[in-house]
Amino acid sequence: MGEQARDQPDTTAEVRIRAALDAVPAYVAGKPPAPRDGLTVYKVSSNENPYPPLPSVLEAVRDAAGAINRYPDMGVSALTEALAKRLAVPAARIATGTGSVGVLGQIIQATCDDGDEVVFAWRSFEAYPIVVSLAGAVPVAVPLTEEHRHDLPAMRAAITDRTRVVLVCTPNNPTGPTVTHEELVDFVEQVPRDVLVVIDEAYLEFVEGEDAVRALEIHQAYPHVAVLRTFSKAYGLAGLRVGYAVAHEPLAEALRKTATPFGVNTLAQVAALASLDAQDELDARVADLVAERARVVAALREQGWDVPQSGANFVWFPLRERTAAFVQACEQAGLSVRPYGSDGVRVTIGEPEANDRLIDVAAAFGP
């Protein structure tokens, strides 16, 4: 009997989970569309580039696939050097990671202790409060303006002695509006020099206008400014997860310390390098998406929709209590879109056929 008792598993022990996780919301990814008989369905819920990788990028990835039995280049050296040359910054200021959200996690880990604060607009990128809370820091969400833009004066007022980082997402995900260059310079001037300002430019390539933020110029002028970018959106490499920060040397060194070892895999680095070499072709694809965005926004406004001007590859429907009904209408039409609670719906600019269907659904639904 005693031997049998010793063989029984101990069911009373409980693994201790960090209490901080109780306050962490789960990240909600864009859902794929449900198959429909006789109907082409479209996923326009994740801000993916609808076009496949360029042939030259695919060829480079295929050629590199034979080496995946080896660990990647720990320092992501070739991509780091290529980015430094392209951006005209020292290589020591480039820090890479698994997409811009991965690099953001490195930033928060490098700058925040338990109880420190991170200020950002809301709604903005859904991962912000998750990444901040996971580090034991405190998310400080500042409501957007009625025009769905960053309220920079309110964000400045939210900075306290415990604030370590301020996140500025421009264009803002999920609402679309951008911050202007002069607005951001004025804001950075007012932020204490021991508080890091992160300019999150995941959708940089889709921005138009003379007043667009010149983030690298601001970074060069202010030692407490870092720039966050990704290859997931315009470059169409969402499935390979590679992003980077441009930060002054002390912070960039800290980001390399907090990075997951070998996080940027071999194929991701090769694809990113090949994409940089195919910039003209990628620019043409971006131009097509920007033209489609303009067409969709114009059609929606003609229908009477009050949609914000987007600087990204998506449009925002501030639907409030009608959010769920609009999502259902899109699903019935074979479109998978992205709801945000009861605030509204974000729809990615996709293939022209998907955009046409969105315009038809919006017309039938009514503003």
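Arg 320 is partly exposed, with a relative accessible area of 47%. In this predicted model, Arg 320 makes a salt bridge with Asp 343, and the closest N and O atoms of the two are 3.7 Å apart. The two residues come from distant parts of the chain: Arg 320 sits in the loop between E9 and H12, while Asp 343 sits in the loop between E11 and E12, 23 residues apart. Asp 343 is partly exposed too, at 23% relative accessible area. That counts as partly exposed because the buried class is kept for values under 20%.

Those two loops lead us straight to a sheet. Three strands make it up, in the order E9-E12-E11, with antiparallel pairing, and the sheet is open. At its edges are strand E9 (314–317) and strand E11 (338–340), each of which pairs on one side only. Going from one strand to its neighbour, the turn averages 25°, with direction ignored. Have a look at how E9 meets strand E12 (residues 344–348): four bridges hold the two together in the antiparallel sense. Within that pairing, Trp 316 has Arg 346 in E12 as its bridge partner. Then there is helix H12 (residues 323–332), which lies across E9, E11 and E12 and runs at about 30° to E12.

Now for the other sheet. It is an open one with seven strands, and its order reads E2-E8-E7-E6-E5-E3-E4, with mixed pairing. Which strands stand at its edges? They are strand E2 (94–97) and strand E4 (138–143); each has a single partner strand, so one side of each is left without a neighbour in the sheet. From one strand to the next, the twist averages 25°.

If you'd like to see one pairing up close, try E3 (residues 117–122) and E5 (residues 163–169). These two run parallel and are joined by four bridges. Val 119 stands opposite Val 166 in E5. As a general point, strands of a sheet pair through backbone hydrogen bonds, and they can do so in either a parallel or an antiparallel way.

Helices pack against this sheet as well. Helix H3 (residues 77–87) lies across E2, strand E7 (225–230) and strand E8 (243–246), and it runs at about 130° to E2. Helix H4 (residues 99–111) also packs on the sheet, touching E2, E3, E5, strand E6 (196–200), E7 and E8. The direction of H4 makes about 150° with that of E7.

Back to charges for a moment. Side chains of opposite charge can pair when their charged atoms come close. How many salt bridges does the structure hold? The count is 14, and the Arg 320 and Asp 343 contact is one example of a salt bridge. Another joins the side chains of Arg 295 and Asp 356, at 2.8 Å from N to O. This pair also links distant parts of the chain, with Arg 295 in helix H11 (residues 279–302) and Asp 356 in helix H13 (residues 352–365), 61 residues apart. Arg 295 counts as partly exposed at 32% relative accessibility, and Asp 356 does as well at 35%.

Glu 48 and Lys 43 give us one more pair, their side chains meeting in a salt bridge of 3.3 Å, N to O. Glu 48 is partly exposed, with a relative accessible area of 33%, and Lys 43 is partly exposed at 33% as well. Elsewhere, Asp 116, Arg 162 and Arg 164 are linked in a network of salt bridges.

Last stop: the surface. Here Val 15, Ile 17, Leu 21 and Leu 134 form a nonpolar patch, with about 390 Å² of accessible area together. Leu 21 belongs to the loop between helix H1 (2–7) and strand E1 (42–43), and it counts as partly exposed at 34% relative accessibility. The loop between H1 and E1 also holds Glu 14. Is Glu 14 buried or exposed? Its relative accessible area is 74%, so Glu 14 is exposed. To finish, trace the way from Glu 14 to Lys 233: they are 219 residues apart along the chain, and their C-alpha atoms are separated by 42 Å.

Key:
Residues are numbered from 1 along each chain as its sequence is written. This is a predicted model: local features need pLDDT of at least 70, side-chain atom pairs count only at pLDDT 80 or more; totals for chains, interfaces and linings use all residues. Side-chain values use heavy atoms; hydrogens and water are left out. Two strands pair if DSSP finds at least two bridges between them. Axes are lines fitted to C-alpha atoms, for helices over the stretch in contact, and angles run from 0 to 180 degrees between N-to-C directions. Contact means heavy atoms within 4.5 Å. Patches are made of residues with over 30% relative accessible area and no salt bridge: like charges are joined within 9 Å, nonpolar side chains (Val, Leu, Ile, Met, Phe, Trp, Tyr) within 5 Å. Accessible areas come from the Shrake-Rupley method with a 1.4 Å probe; for residues, only the protein chains shown count as cover. A salt bridge is a side-chain nitrogen of Lys or Arg within 4 Å of a carboxyl oxygen of Asp or Glu. Buried means under 20% relative accessible area, exposed over 50%, partly exposed in between (1.4 Å probe, protein chains only).
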